[in-house]
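Work through the exercises below with the sequence and the 3D view side by side. Try each task before reading its solution.

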Amino acid sequence: MTETNIETLIRSLVTPLLKHPEALTISQTDGGRYHQYIVNVHQADVGRLIGRQGHVAAALRTVVEGARSRRSNSKKVRLLINDHRH
């Protein structure tokens, strides 16, 4: 998958979990060795996205990190969830 497809993948995985899908935004930053994708959701949906003991967030990260291109010059992918507590 190309980098632009990663955002589409994240959107398709996250949207069904949300009560307020219209508030979903995904931004990308390049951080050294990583392409970071930051997921921002409505404050009421943060718990649904993280899941009990972080299981949903861990599963999302596993899928997204596994979908990156395996080319030697490809950067790793990191998924961050903005939890609105700060």
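**Exercise 1. Which side chain makes a polar contact with the side chain of Gln28?**
Solution. The partner is the side chain of His35, at 3.2 Å. A polar contact is a pair of N or O atoms within 3.5 Å; within protein, one must be able to donate a hydrogen and the other to accept it, and residues adjacent in sequence count only if both atoms are side-chain atoms.

The model is predicted: local features need pLDDT of at least 70, side-chain atom pairs count only at pLDDT 80 or more, and totals for chains, interfaces and linings use all residues. Residues are numbered from 1 along each chain as its sequence is written, and side-chain values use heavy atoms, leaving out hydrogens and water.

**Exercise 2. Place Gln28 in its strand and find its bridge partner.**
Solution. Step one: Gln28 belongs to strand 1, residues 25-31. Strands are DSSP runs of E, at least two residues, numbered from the N terminus. Step two: strand 2 (residues 34-40) runs antiparallel to strand 1, and seven bridges join them. Strands pair if DSSP finds at least two bridges between them. Step three: Tyr37 is the bridge partner of Gln28 in strand 2. Step four: the two strands form a hairpin with two residues between them. Gly32 in the turn has a positive phi of about 60°.

**Exercise 3. Is Gln28 buried, partly exposed or exposed?**
Solution. Its relative accessible area is 38%, so Gln28 is partly exposed. Buried means under 20%, exposed over 50%, partly exposed in between (1.4 Å probe, protein chains only).

Notes:
Helix = DSSP H or I, 4+ residues; strand = E, 2+ residues; numbered from the N terminus.
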